[in-house]
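Let's work through a few short exercises on charged side chains. Have the model open beside you and try each task before reading its solution.

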Amino acid sequence: MGGCCSEDAQPPDRLGAHPQPLPRNAEGQVADPASGNRFAAGPRPVGANNMAGWQSMYSTNSQVRTTSSAADFEDFPGSRPTATYVKSFGCNDQGQLGLTVHHASTPTVIQSISSTSFVNVVCGSWHTILLDAHNNIHVFGEGRDGQLGLGPLTVQVAPVINPFFRRKVARHIGCGERFTVIACEDGAYAFGTGDDGQLGLGGATAVAMPERIPFFEQPRDIGFIACGTHHVAVFYRGNIYTYGWNGAGQLMLGDTENRTTPTLVPFFANRNVRSAACGVQHTVVLCLDAVYVCGGNTYGQLGLGHRTHPQIRPVAMPFQDVASIRGVSAWYHTVFCTEFGVYTCGEAAFGKLGTGDEADSLTPQPVPGFSNKHALRAVAGSEHTAVFCVDGMYTFGKPSRKLGHGSHVPDRPPAESRILTLLDQRIIDFDVGIDHSVVIVEAVI
């Protein structure tokens, strides 16, 4: 079971060699200024424009955030002038890159918004949401299910500001396959496809314009929003609520019936929840005492040592040293970012587990080469995985233009697959969709 080690305790032997753990604050939280991992856990500062000050590594996957690099240790950038850019790469068949090309094989600046400073990016399967420093929501990509919240059901090939949110302050942003949830100070709003109840509005129809979710009467009490492809988990007023598709029991309610409104998950009522991640058919919840998993397990993505029988109630994953986990992300595989490296389990197709083969892993296994890189955040995509370390951003998985390495991708280990270095730039934020990735960087000019 996932026991917590004290700061003076040695990590489990299976973790192997590791760098010196990053410093913790008085509450035991990682106090590294290179912070902002949206998939880690616990409380952190709120507000859409929190560019200054310390942010705990224990954050969530929906909180509006900033992510800094190792350059922060040296007061980057000092007196040198900088500019913030949004770069994207991968497929652009639905306009999800915000570029005028069909694909981008390396990180490419979105020139149409190059004069705007951005602080947050969230990717759906084929659409992208950006938050700028003035609290404007920019949207682009696939919009034919209403997931851009613009009204017209069309593909948006260039970033545009969603006028609905012009005078609102976003606190949390989540994207599913074809829907979006944005929690603002005055309410939580959902738009896009709702065929499985994933909008939380009480029905199962699509919504082309943002509609307020009635259940969340006090949106300031929302701690995080985790979106899977068709289901949602929200930490609200100290409890977890889920809704949407439940075909594999991923709503953690003990059955397989869909829910169209947020429904309390009693299991977590008296537990110290840190954060959660939702995949296609499963949900992972980080608590102080353990990692709990629920839902589909076809590929071993629950990390329980087998791939049989979906779990319709939360069970503890036997992950050692739970306190070291900085964050978790999920698709058909599960990715853990820890103080001692990156661990993966579940579907291994395309090499997205980073373990050197395409054999599904039934328990979390270390990705070779990351034990000494101070990984800060890892994100699971449909066919690839992205990892942010203090020295840059790494991607591995399907050897196509999705990875950002160029047209010809050499066969190399994940720990040697760096696509962005941090010599004269730092990563503010990044996210991935099915076949695209978007990263916000601040670079010296």
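In this predicted model, Glu 185 has a relative accessibility of 31%, so Glu 185 counts as partly exposed.

**Exercise 1.** Find which side chain forms a salt bridge with Glu 185, and where the two residues sit.

*Solution.* Start at Glu 185 and look for a side-chain nitrogen of Lys or Arg within 4 Å of a carboxyl oxygen. Arg 171 fits, with an N to O distance of 3.8 Å. Next, place the pair: Glu 185 lies in the loop between strand 8 and strand 9, while Arg 171 is in strand 7, 14 residues apart. Finally, check the partner's surroundings: Arg 171 has 5% relative accessibility, so Arg 171 counts as buried.

**Exercise 2.** Is Lys 168 buried or exposed? Then locate its salt-bridge partner.

*Solution.* Buried means under 20% relative accessible area. Lys 168 has 17%, so Lys 168 is buried. Its side chain meets that of Asp 186 in a salt bridge, 2.6 Å from N to O. This pair links distant parts of the chain: Lys 168 is in the loop between strand 6 (156-161) and strand 7 (170-175), and Asp 186 is in the loop between strand 8 (179-184) and strand 9 (187-192). Asp 186, at 33%, counts as partly exposed.

**Exercise 3.** Work out which residues are linked in a network with Arg 178.

*Solution.* Begin with Glu 177, whose salt bridge with Arg 178 has its closest N and O atoms 3.8 Å apart. Then add Asp 145, which is linked with Glu 177 and Arg 178 in a network of salt bridges. Compare accessibility: Glu 177 is buried at 17%, whereas Arg 178 is partly exposed at 27%.

Technical notes: Residues numbered from 1 in each chain as written. Predicted model: local features only at pLDDT ≥ 70, side-chain atom pairs only at ≥ 80, totals over all residues. Heavy atoms only, no water. Helix = DSSP H or I, 4+ residues; strand = E, 2+ residues; numbered from the N terminus. Buried < 20%, exposed > 50% of the residue type's maximum accessible area, 1.4 Å probe, protein only.
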